[in-house]
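Let's take a relaxed walk through a protein structure. Have a look at it first, then read on.

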Amino acid sequence: MQNIQTLATGRDSGAARAWGITYEQIAYVVLAVLALVLTLAALDVTPLNESEARAALAAYRHVYPDAPGEALIAPNPLLFLAQSTAFTVIGNGEFAARVATAIAGVLLVLSPVLFRRLFGVERSLLLSALLLGSPVVLISARGSSPALWAALFAVLTLWAGWRWWSDRRERDAILLLVFLAALIFLTEPGGILTAIALVGALLAALITEPAIANDEGDEDEAIDRLAPLTERLRAFPWALAGGVAVLVTLALATNFLLHSEGLTAVGDLLARFVDGFVARPANTPAFFPLRISLFYEPWFWLLAAAYVIWSWRRAQADFIERFALAWLVLGALAAVIYNGAGAEHALWLTLPLVLLVSGLAQPIFAPYEVDEAPGWARWLTALAVFALLAMASIAFQAVARSFARFGTLQLITSQVDAINVIVLLIALAFLVVGYFLVRSFWESDGVPMRGAAIGLIAFACLTSLGAGWRTSVSSAGNPVDLWQRRAVSPNLNLLRASLLDLADRTTRGYTEMQLGVVTGGDPLIAWQVRDFNNALLAGDVASLRGLPVILVPAQPADAPDPELGGAYVGQEFLVAQMWDINLLFTNEIPAWWTERFANNQATINTRYVLWVRQDIYDGVSAGDPTLR
Amino acid sequence: MIFDWLAREGGYILSWWALATLMGAAALPLCWRLLGGLPDRGYTLARAAGILLTGYIFWLLGSFGFLSNTPGSAVLAWVIVLAISLIAHFTRRESFDVRAWWRGNRAVIITGELLFIGLLVAWAFVRAHLPDTSTTEKPMDLMYISAIMRSQSFPPNDAWMSGYAISYYYFGYFLAAMFGKLSGVVSTIAFSLNIAMLFALTALGAFGVVTNLVRARLTRKNDAPAATQGTAAALLTGLLAAVFVVLLGNFQAALIEVPYQSRTASEAYLAFWDTPERDEYPERMSARADGIADDQPITLDPGQDMLAPTFRAHWWWFRASRVLQDRDLDGTPIGVQPIDEFPQFSFVLADSHPHVMTLPYVLLAIGLALNILLRGRASNRSETILYGLAVGGLIFLNTWDGPIYLMALVGAEVIRRLIARRAESRTLDLSDWLALAGFGLAVLILAAVFYLPFLIGFRSQAAGLLPNVNYPTLFRQYFILFGPFLLILVPYLAVEVWHGRGRMNWRLGLQVVAVLVGAVVILGLFSLLVTVIAGGAGGTPASVWVSQIPEIIVRRITHGLTTVILLAGIAVIVARLFARRGTGAAYNASTGFALLLIGIGVSLTLLPEWVYLRDGFGVRANTVFKFYYQAWVVFALASAYAVYSLIASVESQELVPAFRALSGALAALALALGLVYPALAIYNRMYQESGRLITTEQSPLTLDGGPTFIRGDFDHQDYNAIMCLSALVPGDEAVVVEAVAGTYDPNVGRVAALTGIPVLFNWPGHERQWRGSTFDATVGTREQDIGTIYQSEDWIVIQSIIDRYSIDYIFFGTTERNRFGPDAEYKFLDRLPVVCQSGESRFYATGGAALASAGE
């Protein structure tokens with residue numbers, strides 16, 4: 001505990017107190033703007049995925065009781081509150097469904113500023129930058145993932161906990177329990193595991209506190225390392241903080257008592273938490289979050305490993321490092337044992353990873369201890385490293401593509417793109433040679449290592465960011481992407497446009513068209529017809545015969561068209577695709593990793609057919625609605 | 001076969017065990033704090049407490065609209081109970097060493113756990129042989145469980161009266177449905193598992209109460225030479241209590257049924273017992289029909305081997321619940337005879353009625369009463385709240401039990417105060433009585449407040465007390481019913497009189513008896529006066545009543561033995577409890593509690609001798625049923641303790657050896673004769689009635705009672721179509737029409753029973769019972785309208801009915817075809833889409849309301 005206490009009480013002398021703009025403030029503004037742009041841009045371009053649609057429908061039907069379909073239990077109370085508010089204030093589209101979580105993502109990126117006093121300026125900034133560059137954070141934020149809310153509240157819990165630990169103020173104790181309760185009861189089932197991981201990491205960090213040698217030089221073996229925690233817990237204002245936490249949880253879960261049955265969602269969340277240990281979502285491989293983390297954020301693992309090794313070799317593992325490492329281990333354990341985890345639960349690993357990587361801020365930005373190299377040397381080196389990595393990366397992608405084109409590994413050695421292999425090797429060789437060059441040029445060990453670290457971090461952030469953007473925007477419908485267990489097709493936008501066009505024909509633009517839908521329990525379709533108040537959602541097509549517009553799942557190619565009770569014209573739409581990872585060949589792995597490419601595409605496609613009654617299709621009003 | 005069954009359905013049993021255990025674990029810290037008087041700190045009662053509290057929180061928050069009826073809501077309720085429990089534990093002032101508690105109670109804990117899981121699996125195994133859900137009133141029970149599982153909010157729907165909530169004490173069904181939803185099983189499996197769990201939970205409760213009772217005595221009096229030996233005695237006595245409560249039968253099987261079936265008894269022997277349908281042989285009835293006089297000898301058919309595979313005497317085991325025979329003054333048996341069920345009968349029958357579902361919580365209440373006594377101080381606020389929750393829970397579970405066990409709690413407080421006075425005095429002064437009244441009132445008010453959402457809408461069938469003028473219980477029939485306990489308790493009371501000797505307060509005992517007799521005489525005269533003034537009662541002119549007075553008096557005298565014996569019992573108990581001054585304690589707390597239990601049992605069986613509750617039956621049938629049932633429980637617990645006192649305690653060594661031996665022999669005899677019933681009845685149900693002994697192709701064991709509906713008119717096509725509808729309709733927002741008939745008919749009301757989807761109306765007799773005076777206004781013309789739907793050819797009329805009741809589906813199955821003819825279906829076939837069909841059984845959707853029910 002010594003380290004954290006020292007850090008907690010040590011004020012950052014560099015913090016600007018005078019009026020004016022500091023570089024730090026500018027940096028945060030830039031980070032905030034970047035985060036806002038990245039999370040909000042083109043937010044409504046991709047259709048909602050399955051879990052997004054389910055959550056959005058629950059909120060939508062609460063806000064608009066006339067919407068077709070039964071009221072749904074909100075999968076995530078906090079998201080429900082945010083989406084209900086957004087639907088009330090800014091409309092009912094994909095943007096409104098996602099904007100709150102996107103802003104929560106921005107807040108998560110900026111949240112390290114809360115720990116500025118603990119971490120220092122550089123580390124906090126680096127932490128924010130890493131979070132900005134994290135593809136897991138970006139995809140989760142843009143995909144209205146409740147796991148992101150859990151991550152945000154985990155950070156807030158840590159913040160309140162740290163402040164209470166250091167200052168012992170009642171206000172912080174209340175905030176601590178409020179945030180913890182929100183994390184457990186209001187975010188998502190995985191929030192409970194996050195809370196357990198935090199508590200476990202805290203205990204682990206306390207227990208692994210190095211013994212302090214006494215005057216005789218002997219380590220005091222009888223020391224109770226949990227004593228500080230026990231002592232603080234005894235002084236904790238349980239009744240007050242607990243009472244406030246219960247009230248706040250109750251208020252948030254019930255939309256400030258406007259949605260009294262909201263507590264059901266809390267219960268449902270707890271039940272799903274239990275279910276998650278035994279039931280794995282469809283088409284989800286084992287240890288999914290761990291796979292996602294390694295797949296999307298390998299650089300973070302690399303850098304974190306480097307930092308941990310460096311830190312432990314120098315015996316500098318302070319409380320924060322021990323806590324972050326324990327958190328990472330527990331997060332990985334949760335990712336392994338918890339079957340209910342999705343891709344976004346890679347956040348369990350991302351947060352401790354970036355916390356560890358941010359530890360590099362101290363060695364990177366600290367002044368040289370013995371060297372006399374100029375300050376800009378590390379930056380120049382970093383630029384060179386970045387350029388070399390970019391060159392290697394481009395070449396690697398080309399090589400990977402080449403590998404993937406061939407069906408077997410036997411062919412690749414002879415037919416691979418030789419130029420790119422050479423470029424790749426040259427770039428890698430320059431990285432090695434460059435180290436010695438820089439080292440000898442400035443006669444410094446610090447410059448090449450620091451430059452390499454900065455270059456690598458910048459490269460990691462940029463490439464990761466690209467991967468995140470691709471998954472969440474430009475290739476969101478790509479079923480081969482590991483993140484997408486059921487990739488939603490952009491064709492859903494076409495389906496929606498067609499429905500609106502039909503509404504234009506039949507009801508002059510109002511979504512009052514008579515529409516029959518066989519949803520089959522698929523929220524993707526239910527979301528697309530959410531505002532068609534006269535839509536009938538049925539279990540079978542027999543009940544919908546004769547309606548002007550009918551939307552039904554596509555039949556197999558050899559099956560006859562459904563009996564709709566009249567002449568209809570149909571248009572098929574691809575709704576979603578699933579891909580089996582077992583179809584991936586070994587030689588495709590590099591291209592799959594770099595470009596989300598595989599020769600075997602989706603195996604299970606969900607298609608719907610929009611049937612339009614002939615008279616509507618011809619642009620003539622039906623006249624007699626009973627016509628069958 | 002067994003392993004195949006366990007492989008298929010063992011997971012269900014495991015999940016119910018886990019759920020009950022988790023709920024018990026949540027309540028355990030609370031029990032540690034509030035049940036500190038009990039040696040095990042409430043461990044053996046924690047499961048019942050946890051289930052009750054979780055169910056209560058779930059129901060309460062649901063009733064206020066905070067929770068919907070989902071498994072998650074139940075989980076949240078569990079988390080709330082856990083949180084309250086942990087807060088209660090960690091905010092306690094005195095220290096509590098969990099390790100020391102474990103060391104001191106591990107034998108009890110391990111035995112209790114083995115008992116619970118063992119009996120749960122065992123009774124599930126019994127049930128799997130014959131998972132019947134379609135006989136007697138099981139369709140009603142199943143309907144409630146299905147309806148609650150399907151209801152999206154509370155109060156849950158009455159699925160036989162669409163648009164209305166259940167008008168019954170339904171908490172037991174609610175708890176069963178909660179387990180069903182949490183474990184993810186269908187209602188027809190939940191039905192079977194519920195019976196098995198009640199069996200195990202009741203046994204655990206009985207074990208816990210009596211183990212605590214004996215251990216409290218050992219702890220306080222250092223009764224045992226070694227702690228281990230004392231624990232062993234306590235455990236064995238607890239297990240004996242579990243056997244007495246859930247397994248033992250009355251003497252009907254041993255003393256009447258076996259001689260009757262084997263034709264080994266004389267006709268005079270059967271006539272002596274005078275029990276319904278067993279007072280003479282069927283051969284005698286045939287002979288009488290043939291004109292042979294009753295005094296002429298007849299030839300009896302050869303007796304039957306009750307263990308033979310072909311033994312098919314239909315439901316012989318049912319007769320054990322119909323031992324009393326009330327006769328009019330002219331000797332004619334009355335139409336509705338008293339019901340005298342006991343727990344083992346209930347479990348064999350396997351109707352999930354409130355009086356069965358309340359058993360674990362009755363034992364919880366008795367445990368709480370013991371806690372009051374053993375605490376040694378007045379109950380604090382938290383404890384009183386728990387008592388209020390328990391008593392209110394009993395009202396919600398089986399209304400009759402609320403007042404009974406409220407009196408038990410107050411009675412325990414009386415004895416605590418008496419014991420607290422030590423040797424000085426064994427009477428209570430005014431301040432004590434005021435405090436007792438305050439305590440009772442506080443518990444009652446809390447119970448009312450806690451369960452207000454139920455009480456507001458509940459209409460009890462009971463409407464006051466009526467005098468029982470001329471239907472006293474013959475003592476020989478009383479002996480058949482309670483013989484197992486009389487054989488133990490009479491010697492026990494004799495020993496207590498001997499222990500009390502010079503300190504027996506006979507004066508007070510006789511005063512109490514005199515007051516009771518006086519009250520009865522005054523009540524009788526008052527009723528007679530009212531009857532005369534009113535000009536008669538029950539269609540009988542007042543003059544007839546007056547002329548019958550001599551006959552009534554004669555009957556009361558000739559049939560008065562039961563009353564005399566019960567009054568004597570009361571005198572002994574009062575004289576012993578309110579002992580005269582002397583040196584030292586007159587009795588220990590455990591003995592005082594056992595005497596209280598006996599006193600409650602005696603009072604409960606004495607009351608129907610003179611009064612009964614005015615209800616839908618118009619006679620004392622239901623009063624006897626409800627009171628005798630509870631008397632069985634308290635007698636059983638007291639008897640187990642009495643066995644310990646008579647033959648195993650240190651004090652028992654002071655007894656004359658011959659008397660001790662005689663007591664032991666009587667106890668063994670009671671046990672042996674009482675176990676004849678379960679041995680034969682369980683065997684009969686499992687193997688003979690299920691036909692497993694005579695069929696070569698045995699159906700697999702299963703807990704799913706749904707397919708047992710496939711009998712009579714109801715065929716597998718109906719069943720399949722109903723299952724299809726159940727899958728099609730996701731919530732409870734639908735109304736179905738099916739044919740209506742009277743009660744006890746599984747061929748109607750089956751859509752609601754199997755699915756929980758409300759039907760427009762069914763089982764009119766039961767609806768009338770539940771809704772009492774509001775029935776006619778509630779039901780309106782539903783029955784006629786249903787007939788019109790099926791029989792009319794005027795679609796406009798039919799459509800108007802459909803619209804009036806918002807009917808979504810019309811069922812045309814085998815019953816409808818038999819009742820209304822196949823032609824009645826054509827109008828539906830022509831106009832309405834079929835949404836579910838199996839063979840000739842079809843569900844028709846009536847319009848848009850049905851369409852909006854599906855999909856996300």
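How many helices and strands are there in chain A? Chain A holds 27 helices and six strands, where helices (H or I, at least four residues) and strands (E, at least two) are DSSP runs numbered from the N terminus. Keep in mind that this is a predicted model, where local features need pLDDT of at least 70 and side-chain atom pairs count only at pLDDT 80 or more, while totals for chains, interfaces and linings use all residues. Residues are numbered from 1 along each chain as its sequence is written, and chains are lettered from A in the order in which they are written.

Here are some values for chain A.

| Property of chain A | Value |
|---|---|
| Box filled by C-alpha atoms, along the principal axes | roughly 95 × 70 × 50 Å |
| Residues that count as buried (under 20% relative accessible area, 1.4 Å probe, protein chains only) | 54% of 628 |
| Accessible surface (Shrake-Rupley method, 1.4 Å probe) | about 27,500 Å² |

Of that surface, 64% belongs to carbon and sulfur atoms.

Now for the inside. The largest nonpolar core (buried Ala, Val, Leu, Ile, Met, Phe, Trp, Tyr and Cys residues joined through side-chain atoms within 4.5 Å) has 422 residues, and I366(B), L637(B) and F843(B) touch the most other members. Helix α7 of chain B, residues 187–221, gives the most to this core, with 21 residues. Leaving aside neighbours within four places in sequence, I366(B) is in contact (heavy atoms within 4.5 Å) with several residues, including V209(B), Y405(B) and L637(B). Another core lies apart from the largest one, with 44 residues, among them A58(A) and F573(A).

Conventions: Side-chain values use heavy atoms; hydrogens and water are left out. Buried means under 20% relative accessible area, exposed over 50%, partly exposed in between (1.4 Å probe, protein chains only).
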